[in-house]
Structure formats: C-alpha cells, structure tokens
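Me: I have a two-chain model open. Please teach me to read its features one by one.

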Amino acid sequence: MLSLFLKTLSREFYRQHLGLLAFAFYLLFGTVEGSQLLNYHLALLHSIAASTLMLAACCVLWLLYALKCQLFVNKQLQLEQYSFIQVSAATVQRKQYISWAGLYSVLLMPVLIYVSLVIGAALWYHNYLNAVIAFLFAIAIVAAPTRFTYRKLTRNLRVFQPWLSIRLPAWTNPQWTWPLIYIWKQQTLMLVLSKLLSFILFKAVLWMFADVGPDVRVAQFGLLAALISHSTLVIMLVRQDAGDLAFIRSLPQSRFKTTTNHIAVLFVLFLPEMFIYAYTVSFDLSAVFAGLSLAISTLFCMQVIQYKSDANSNFSVVCAFTIFVTLAISILAGQLFPVNGLQAIISIAVYNLLFYDTDLNTIRDK
Amino acid sequence: MLSLDRIRKSYGSHTVISIEEFRLADGIYWIKGGNGTGKTTLFRIIAGQTPFAGEVDYKDINLKKQPLDYRALISYAEAEPQYPGYITGNDLVRYYEQVRGVPTNTSLHLIERFGMTDFMGQTIGGYSSGMLKKLSLICAFIGEIQLFLLDEPLITIDKEAALVLYSLIREHQEKGSTFLISSHQDIDHAELTVDAAYTIKNKDLQRC
C-alpha cells in the first residue's frame, strides 16, 4: 500500500512543488558565498538550537509546509482518479497507519532532515529542551496528518459543516470570473496557504538581502518567490479548465477571448502581491511595470506548461526549472523586460497555436 | 451536409474511430452501438472537443480552418454533462446566451418547458442528475443551431422532459436543423421519426 502511495501521491507532490523546493534550496545554498557556506549553516543551526524562540519561528514555517502536504493529499483524495485509495480503508488499522505515516514522512522529508540536524545541534550544544521540542515536533507533524487522513478515509460518511463559509452577494457571474469563484469557494484553504507562503517568502527575500540597500532587483526576487508559491493554484486552475469548463471548447468562443480571460484571472489572483511589491518599490512606475510583466508572463507561462505537460514525462519539471533559472539571471542582469516579453510571446503563441490540439482528457486524468 | 473524411482517433496505441469517408444529409439520425464502441468519441470529434486526424465539414465550413464559424452552427449536449458546481443555472444560461449571440432571457421559454424555473437560481452542485441533464438540454437549444449532437439525451430525464425534448427536436427539424442522437434506449417512433440509424462497427459508421 505504501509503495502505491509513494508512486502516486508522493511523485505528484514533488512534481507540483519542485519550483518551491528549488527556491528554498537556492535561498539556503545559493545566496551565500561558497567559502562561507559551511560556517553560515553551522551558525544558523546553532542559533536555532540555542534559542527556543528561534526554534518556535522555524516550527511555524515547517508547520506551514506540513499543512501544505496534508492539504495536497486531501485534495488528491477528492479526485476521481484517486478513488482507488478509498479501498485502503478496508485493510487493518495498523497497516493503514504505517502506510500513511510512511507517505507523510516522505512528503515531509526536507523538513525532517533539517529537524534532525537541529536536534543534533541542540544535543551538541547541550540544549536538551530544544532537542526534545524539535523531536516531539517532528513526531507531531507526521502523526497529526496521518491520524487526520486515516479518520477521513474511515469515517467519510459523516457530514461536516464548512468551517469557513463566506456568502457572496447574488449576481450573475460572468464566465471569466468562474475560475476565481472556484478558487475562492472550493480551494479556500489552498488559497489561504498559498497566499501565506507567498507573503512569507516575499518578506524572507527582502530580509535576506536587507544589507544590499534599496535595489529593485531584491523586490523582484521576492516577487519571483511569491510567483512560485502560486504553482499549486495554477495547477488547480488548469484542472478546472480541463474538467468542469471543458464544455466551452465546443462553443464559439475565440482563442483570443479565452487567453484574455485566463490573463484577467491570473492578474486578479496576484493583485495582493503586486500591491505589496509596488509599495516596496515606492510605486516607481518603471519598477511596477517590470514586476507586472514578470508576474503575468510567468503565471501564464506556468499555466501553459501545465496544458502541454504529459502525465508520464518530466516536461513540466524541466520547464519550470529552466524558467526559474532564466528569470533569476534576467533579474540579476536587469534584463527583465526583454526576457518577460519573450516569455509572454512564446506562451501566448504556444497556447493559441495548440489550443484545439490539446486533449483536455489527458489533463483531467493526470 | 455533414462530411467526415479520413477521421482517425486513437488513445495511445488503441484506435477508437477510423472513418474513411462519410456523408450525412440533413435529417434526424440515430447512432447506435454498445458501450465502448466510440459513440461519445465520435460526437466529441464532430463537436470539436477532442483533437483528431482528418477533416470534418458542416455546410462546407471546416472545423479546423473555421473553428468559430463551425462551432456557431453546432451544439453538443454531453451524455454526462459536467459543469462547475459553484455557479447557478442562471449563470450558465446567461453565458450560453452571450456566447451564442442571443438577447438575454430568450431562453426563459426553454427553462419553463423543462420545468426548471424554480431551480435556476440554485448552484449546479446541488442539482440531481436529471436536473443537470435538463440544464444541458436547455443550453444545447439556445441560439440558432443547425447541427445538434445529443449524446444519450434520454438518460436520467423523466417522461415529461422526454416529451419536451421530442417536441423541441421536431420544431427545430421543421426549421431545417439536423440531429445526431445516440441512445441505448429505443427512440419512441410515435414521437419522433428517424431518417436513418447508424451503428459503429469496426471503428467505422455503418447504416443499420
């Protein structure tokens, strides 16, 4: 059972979150000069192991990641293609717990590795309280989602009232707003989590490069981190388009209109981050425009990649990584406009040229 | 006239549809065939919902070369309609009216005939399968459609709704529309006269 979970859920999780993990990896290892890297990490580990407050701050970040893992599994289990997992509820309780704990251990691997290092550092510096806290925390972030998923699968006949239900005033919703309503109403937790992660990463980048002084490239790096945090939401939008909105393909709606609708949705979705970015660059028009072009062209490019990626290939992973590296270099070189222009032209051209050749069934079944 | 030329559709290495040449004059046609024979795939090809090799023309308008003009002429009601559960029936109907270029509320008579007036303000997620099917049929009949593709239109709807459907088909046929209807159930010949029946055998369309 565990191997099946790993082949399906774990593989899909890492495929969807590669951009985020690559960015975290870059923040940890790419922003420090090579000769100081070891000392930097030892100092970082020491500060976390020595201060309970610092450890608590890290625990909040790790908790956010654990919550993302749990939400991901929850979301996948609601999909038709994962309905076979419901059968696992028929096996003995112990086996179910072991399998889910195994899956969450793999999903939480990056966090668990770092927590292990923190425990080691805390023991080394004789800070036994922090070692115990970190150890208990590691157990809790695996045990809690394991228990939750087990209960969800075995007690799925219970009716739960939504804990967050916001009623919008009744009006006729134009078609272009439907994906936004979908995210707002049916992916509320994922939206909240993505936005939270997006703001944290944006701020983290600003703090990390605080010694650089006022440089628009730092804010643009923050924006790039915020964009990567939206990858799951973009995947949700594409799945929605290929599923409940697939009927539009047989209607006389032009490709141009469909493209502008997608762009409008992405713009509205990313508006809060754009405002924070604009505030950070003191509403400098040129910088705001550069940020806007980065945001819209990258989000649309991420969306197009999802339409073109095959379930069994690493196309989307390779593309996401290449784009991330290219954009990072273009920010450093101060060449955002030409790179984003090119990215926008290629994305729109690919989307429109292959619009009717895209089999939405394959996206739906991924 | 509907023309299909050198149509090939495969899923992986498995070919589902292979039609060399097929012509269909205006009229009402019944497409028969057991499960998995490719009826829905054929409908999805003609509706422009799935990529395929070959050419589809209706009234000399090519699906691939004039995608919008072609889609303006056809209407496809799926066997198992799938719509966003978070929008209301009214949202969907307004969208169809807008995209079909007809004035707002022109579909009110369709809604009344199918007995859906009281449910149009509700979100589609709360609809029963019969209500969902009725909504898809309402949407299918919005606009000046010339070719209707009705995939299993009789499943899940009640007898009254079936009678409404038959009468709508007759009304549109008198205006010159063509119908391709797939159905496992026998079509009531007292209500509807079918010009010919076809079945999909060996991936090809053959007259019964």
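Me: How many residues does each chain give to the contact?

Reply: Two residues are in contact if their C-beta atoms, placed from the backbone, lie within 7 Å. Here chain A contributes 23 residues and chain B contributes 21. Know the ground rules too. This is a predicted model, in which local features need pLDDT of at least 70 and side-chain atom pairs count only at pLDDT 80 or more, while totals for chains, interfaces and linings use all residues. Residues are numbered from 1 along each chain as its sequence is written, and chains are lettered from A and ligands numbered from 1 in the order in which they are written.

Me: Which helices of chain B supply at least two residues each to the side that touches chain A?

Reply: Elements are DSSP runs, numbered from the N terminus: helices are H or I with at least four residues, strands are E with at least two. On the side of chain B that touches chain A, α2 (67–73) and α3 (89–100) of chain B each supply at least two residues. The largest share, five residues, is from α3(B). By class, this side of chain B has 12 nonpolar, five polar and four charged residues. Nonpolar covers Ala, Val, Leu, Ile, Met, Phe, Trp, Tyr, Cys and Pro; charged covers Asp, Glu, Lys and Arg; the others, Gly among them, are polar.

Me: Where is B:Y83, and is B:Y83 buried or exposed?

Reply: A residue is buried if 20 or more other C-beta atoms lie within 10 Å of its own, exposed if 12 or fewer, and partly exposed in between, with C-beta atoms placed from the backbone. B:Y83 sits in the loop between β6 (74–77) and α3 of chain B. It has 22 C-beta neighbours inside 10 Å, so B:Y83 counts as buried. Leaving aside neighbours within four places in sequence, B:Y83 is in contact with A:D244, A:F247, B:L92 and B:I124.

Me: What is the strand order in the open sheet of chain B?

Reply: Two strands pair if DSSP finds at least two bridges between them. Four strands of chain B form the open sheet, in the order β2-β1-β4-β5, with antiparallel pairing. β2 (14–24) and β5 (61–62) of chain B are at the edges with a single partner strand each, so one side of each has no neighbour in the sheet. Strand β1 (residues 2–11) of chain B is joined to β2(B) by nine bridges. Within that pair, B:K9 has B:I17 in β2(B) as its bridge partner.

Me: Now a helix. Which residues of α5(A) are buried?

Reply: Start with the span. The expected value is 1.5 Å times one less than the number of residues. Helix α5 (residues 93–107) of chain A has 15 residues and reaches 21 Å from its first C-alpha to its last, close to the 21 Å expected. Its buried residues are A:S99, A:W100, A:L103, A:Y104 and A:L107. Down the axis of α5(A), the buried residues fall within an arc of 130 degrees, so they line one face of the helix. That arc is of the directions from the helix axis to the C-beta atoms. On the other side of α5(A), A:R94 and A:K95 are exposed. The cover over the buried residues of α5(A) includes α1 (2–16), α4 (52–77) and α7 (128–154) of chain A.

Me: Last, backbone angles. What is phi of A:S282?

Reply: Phi of A:S282 is near 55 degrees, a positive value in a residue other than glycine. A:S282 lies in the loop between α13 (271–280) and α14 (285–308) of chain A. A:S282 counts as exposed, with 11 C-beta neighbours inside 10 Å.
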